[in-house]
Amino acid sequence: MEKGLVIRSTGSWYVVKTDSGELKECKIKGNFRLKDIKSTNPIAVGDRVSIVPNAEGTAFITEIEDRKNYIIRKASNLSKQSHIIAANVDQCMLIVTVNYPETSTIFIDRFLASAEAYNVPVCLVFNKTDKYTEEELNYVEGLVTLYTHIGYPCFKVSALNQKGIEEVKEALKGKTTLFSGNSGVGKSTLINTILPGQHLKTGEISTAHNKGMHTTTFSEMFPLKDGGYIIDTPGIKGFGTFDMRDEEVGHYFKEIFKFSANCKYGNCTHRHEPGCAVREAVEKHYISESRYTSYLNILEDREEGKYRAAY
């Protein structure tokens, strides 16, 4: 039996880098069920596993080590199942574009709330700064100020012109970093810039809808020369938050959680209860309207028992 790291997953096959440095194609042995997680993929990129080689030169994954964390999303619109995007990550970089295509603040905030729930630190990377109008650049500055103030580090980059790339590289050193974002935000171009020679496929933006087209179809880890890994994942259209109770949602918005300590009622949902410190903070602009809207949006989803893929 050997131990190793899952560095690529295509859904049915996994590539495991063994501790002795070999790459082995593996399948899951038997019926692999993880307790408490109804998932479409029991094993994810970033998992540490035990494997048993077989006569064909491939191997079976027989065991999975405990995870320190993972990032998860709903598998599809009305699915009760989840999809684990990656496991054992030190941080996540969410690649964002304010246009070409536009990443909505609701999408950003859903992603951040999910990452908080699973204990994964996030940085925001605002890409395509070479394309923006003055008005769009001002909007980027506004978002950078907002999210930095809440506690999320922000980077402004142009993968195309290589601007701001050194700062991102510095933040990646020695860490396992998940790259995520809507389709079309330039994630593959950014990874190609950081890791020349990987030649990840990059997609044209579909001009009819200014929407990105999926180019990555499975998750994969790429080693960095100064230590650490980048995990590349398929672009995601929507981000369904999973398994949060109404009264918990506010815990995953850092600034809402901070103000909620002063609410009159301990189980306040910050919508219409009397003595709500969060609504007062929104009125006084200590909490931004966009963040409060995203918070309400997740609560609405929970009431309707579904998640809208449009974000």
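**Salt bridges, core packing and strand pairing in the predicted model**

The side chains of Glu220 and Arg8 form a salt bridge, with an N to O distance of 3.4 Å. Glu220 belongs to strand 12 (residues 219-223) and Arg8 to strand 1 (residues 2-9), so this pair ties together parts of the chain that are 212 residues apart in sequence. Arg8 is partly exposed, its relative accessible area being 30%. The structure described here is a predicted model, and it holds 15 salt bridges.

A further salt bridge joins Lys68 to Asp90, whose closest N and O atoms are 2.5 Å apart. Both residues are located in loops: Lys68 lies between strand 5 (59-64) and strand 6 (70-74), and Asp90 between strand 7 (82-87) and strand 8 (91-96), so the pair ties together parts that are 22 residues apart in sequence. Lys68 is exposed, with a relative accessible area of 53%, whereas Asp90 is partly exposed, at 28%.

The salt bridge between the side chains of Asp232 and Lys187 has an N to O distance of 2.8 Å. This pair links distant parts of the chain, with Asp232 in strand 13 (residues 228-232) and Lys187 in helix 4 (residues 187-194), 45 residues apart. Asp232 and Lys187 are both buried. In addition, Lys3, Asp19, Arg48 and Glu65 are joined into one network by salt bridges that share partners.

At the level of the whole protein, the secondary structure comprises 8 helices and 13 strands. Of the 311 residues, 53% count as buried. The protein exposes about 15200 Å², of which carbon and sulfur atoms supply 50%. Among contacts between residues at least 6 apart in sequence, 65% join residues at least 24 apart.

The largest nonpolar core has 34 residues, and those with the most contacts inside it are Leu94, Val122, Leu124, Phe126, Tyr147 and Leu178. Several elements each supply at least two residues of this core, namely strand 1, strand 7, strand 8, helix 1, strand 9 (122-126), helix 2 (134-150) and strand 13. Helix 2 provides the largest share, with 6 residues. In soluble globular proteins, nonpolar side chains tend to be buried together.

The surroundings of Leu124 illustrate the packing of this core. Apart from neighbours within four places in sequence, Leu124 is in contact with Leu94, Val96, Ile108, Leu112, Tyr147, Pro153, Cys154 and Phe155. Two of these partners, Ile108 and Leu112, are among the buried residues of helix 1.

Val140 is situated in helix 2. With a relative accessibility of 1%, Val140 counts as buried, because the cut-off for burial is under 20%. Outside the four places on either side in sequence, Val140 is in contact with Val98, Phe126, Tyr132 and Lys156. The C-alpha atoms of Val140 and Val98 are separated by 7.0 Å, although the two residues are 42 residues apart along the chain.

Helix 1 (residues 105-117) has 13 residues, which at 1.5 Å a residue should span 18 Å; the C-alpha atoms at its ends are 18 Å apart, in agreement with this expectation. Helix 1 is mostly covered, with 11 of its 13 residues buried. The buried residues are Thr105, Ile106, Phe107, Ile108, Asp109, Arg110, Phe111, Leu112, Ala113, Ser114 and Ala115. An α-helix has 3.6 residues a turn, so residues three or four places apart point the same way. In helix 1, however, burial extends without a break from Thr105 to Ala115. Helix 1 is followed by Asn119, which has a positive phi, near 65°.

Strand 3 (residues 23-28) takes part in pairings of both orientations. Strand 2 (residues 14-18) and strand 3 run antiparallel and are joined by 4 bridges. Within this pairing, Val16 has Lys24 of strand 3 as its bridge partner. The two strands, strand 2 and strand 3, form a hairpin with 4 residues between them, and Gly21 in the turn has a positive phi of about 95°. Strand 3 and strand 5, by contrast, run parallel and are joined by 3 bridges. Here the bridge partner of Cys26 is Ala59 in strand 5.

Terms used: Residues are numbered from 1 along each chain as its sequence is written. This is a predicted model: local features need pLDDT of at least 70, side-chain atom pairs count only at pLDDT 80 or more; totals for chains, interfaces and linings use all residues. Side-chain values use heavy atoms; hydrogens and water are left out. Buried means under 20% relative accessible area, exposed over 50%, partly exposed in between (1.4 Å probe, protein chains only). Contact means heavy atoms within 4.5 Å. Accessible areas come from the Shrake-Rupley method with a 1.4 Å probe; for residues, only the protein chains shown count as cover. The expected span of a helix is 1.5 Å times one less than its number of residues. A salt bridge is a side-chain nitrogen of Lys or Arg within 4 Å of a carboxyl oxygen of Asp or Glu. A nonpolar core is a set of buried Ala, Val, Leu, Ile, Met, Phe, Trp, Tyr and Cys residues joined through side-chain atoms within 4.5 Å. Two strands pair if DSSP finds at least two bridges between them.
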